[in-house]
Structures are given as structure tokens and as C-alpha cells.
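Student: Could you help me learn to read a protein model, one feature at a time?
Tutor: Gladly; let us look at it together and begin with how strands are joined.

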Amino acid sequence: MFTLTPETTEDWWEVEALYDLCFAPGRTALSSYRLRDGVAPVAELCLTARDRDGILAGAIRYWPILAGGQTALLLGPVAVHPTRQAEGIGGLLIRASLHRARDEGWSRVMLVGDAPYYSRFGFAKLSDIVMPPPTNPDRVLGLELRPGAWQGIAGEVTRAQ
Ligand SMILES: CC(C)(COP(=O)(O)OP(=O)(O)OC[C@H]1O[C@@H](n2cnc3c(N)ncnc32)[C@H](O)[C@@H]1OP(=O)(O)O)[C@@H](O)C(=O)NCCC(=O)NCCS
């Protein structure tokens with residue numbers, strides 16, 4: 001049993017430690033992190049998953065970005081502790097946060113990730129959206145929270161502020 005709750009200020013470094021454990025060293029050097037520099041995350045969509053003992057099992061964060069000049073959400077990082085992977089926690093965090101995002105009025109989400117994993121949530125390649133290099137274009141994926149929300153949107157991804 002896992003409980004999802006919005007990330008608090010007190011959770012921040014624990015979540016950072018989880019991301020350090022789950023991702024390759026130097027994760028913050030990725031170009032997607034430059035889109036987050038100096039920009040506040042979307043607090044109501046950042047969730048933690050804790051077990052019944054309160055131990056952190058997974059976490060997801062979101063940032064606002066501009067894609068082709070239009071407001072969008074950048075999903076990630078999302079990670080699940082190695083001892084807790086493949087139990088459905090990642091899917092739980094992603095589905096719950098996307099549900100909240102829709103309820104909060106967001107229209108479109110994008111991420112840089114593995115299509116074989118994210119396609120199960122409805123994400124598909126965004127051929128007309130360009131992430132800062134050196135991002136593999138095949139890993140730039142998007143999801144419409146409102147029908148047609150990615151239609152006609154093309155161009156570079158830039159910081160929201
Ligand atoms: C990716 C991650 C968040 C998924 O969380 P999880 O709780 O393990 O995933 P779920 O239990 O919801 O789903 C498990 C399924 O996803 C599959 N899966 C996990 N990562 C995958 C990947 N990168 N590509 C394809 N499939 C993947 C598993 O094989 C499993 O498949 P199955 O349902 O057929 O058995 C987690 O594995 C993780 O933290 N990985 C390291 C950090 C990372 O890569 N984050 C994503 C950045 S793009």
C-alpha cells in the first residue's frame with residue numbers, strides 16, 4: 001500500500017536523493033534541467049509515494065515550459081526506488097498527477113523519455129517540438145490533456161520565465 005501526497009518543502013532533499021540514486025550521475029547536466037533553472041515547479045502536481053512506514057518509494061515533479069511559444073507541462077523527473085520498481089508505483093504517480101493536471105486546467109504535457117514506457121499513458125512522439133540539444137528527438141514525447149492541444153504547435157522548448 002502506497003500513499004500519494006503532494007511534495008512538501010521538507011520532502012525536497014529526500015526526493016533529490018532518490019533521483020540521485022535512480023538516475024545516472026550528472027543528471028542535472030541534462031539540457032532538460034536548464035529549462036527548470038530558476039523556475040518554480042508546479043507544486044500541486046509534484047507527488048511523493050510513501051509506504052505504510054512512511055518510507056519514500058517514488059516521486060514525480062513537473063515544471064511549466066513554453067513549447068513553440070505555448071504553455072505546457074514538462075513531466076519529470078519521475079523515479080521509483082530500485083527495490084520498489086515494477087510494482088506499479090511509477091504508473092500510479094504518472095496517472096494521478098496527469099489526472100490532477102487535467103483538473104487544474106492544463107492542456108498539454110511533454111517529457112523526454114522512453115516511448116516503450118510512456119506510450120501506455122498515451123504519450124507519443126512530438127515531431128514538431130524541438131528540445132535543446134543534445135536531446136534525441138525520438139525521446140521527445142507529448143500527451144494532450146485537452147483534445148487537439150498539441151495540434152499546430154511547433155518550435156523550440158524554452159523556459160517558462
Ligand atoms: C521508469 C520508472 C519510473 C517506472 O516506475 P515503476 O514503478 O518501476 O513502473 P511501473 O511499475 O509503473 O511499470 C512497470 C513496467 O514498466 C516497464 N518499464 C519500466 N521502465 C521502462 C523503460 N524505460 N522502458 C520500457 N518499459 C519500462 C517495466 O518493464 C514494467 O513492464 P510490465 O508492466 O510489462 O511488467 C522506474 O523504473 C524508474 O525510476 N527508473 C529509473 C529512473 C528513470 O528511468 N525514470 C524515468 C526517466 S525517463
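Student: Which residue in β9 is the bridge partner of I129?
Tutor: The bridge partner of I129 in β9 is G155. Strands, written E, are DSSP runs of at least two residues, and helices are DSSP runs of H or I with at least four residues, both numbered from the N terminus. This is a predicted model, in which local features need pLDDT of at least 70 and side-chain atom pairs count only at pLDDT 80 or more, while totals for chains, interfaces and linings use all residues. Residues are numbered from 1 along each chain as its sequence is written, and side-chain values use heavy atoms, with hydrogens and water left out.

Student: How many bridges join strand β7 to β9, and do they run parallel or antiparallel?
Tutor: Two strands pair if DSSP finds at least two bridges between them. Strand β7 (residues 129-130) and β9 are joined by two bridges and run parallel. Strand β3 (residues 56-67) and strand β9 (residues 155-159) run antiparallel, with three bridges joining them, and V157 in β9 is the bridge partner of A67.

Student: Which peptide bonds or phi angles should I look at with care?
Tutor: Most peptide bonds are trans, and most residues other than glycine have a negative phi. Here a cis peptide bond, with omega about 0°, joins G76 and P77, and P77 is placed in strand β4. Another cis peptide bond, again with omega about 0°, joins P133 and P134, where P134 belongs to the loop between β7 and β8 (140-144). A86, although not a glycine, has a positive phi of about 65°, and A86 lies in the loop between β4 and α3.

Student: Which residues around the ligand come nearest?
Tutor: A residue is near a molecule if one of its heavy atoms lies within 4 Å of it. There are 19 residues around the ligand, of which V80, A86, G88, G90 and D114 come nearest. At least two residues of this shell are supplied by each of β4 (70-80), α3 (89-103) and α4 (115-118).

Student: Which atoms lie close enough to the ligand for a polar contact?
Tutor: A polar contact is a pair of N or O atoms within 3.5 Å; within protein, one must be able to donate a hydrogen and the other to accept it, and residues adjacent in sequence count only if both atoms are side-chain atoms. A polar backbone atom of V78 is 3.0 Å from a nitrogen atom of the ligand, while an oxygen atom of the ligand lies 2.8 Å from a backbone N or O atom of G91. A polar side-chain atom of R120 is 3.2 Å from an oxygen atom of the ligand.
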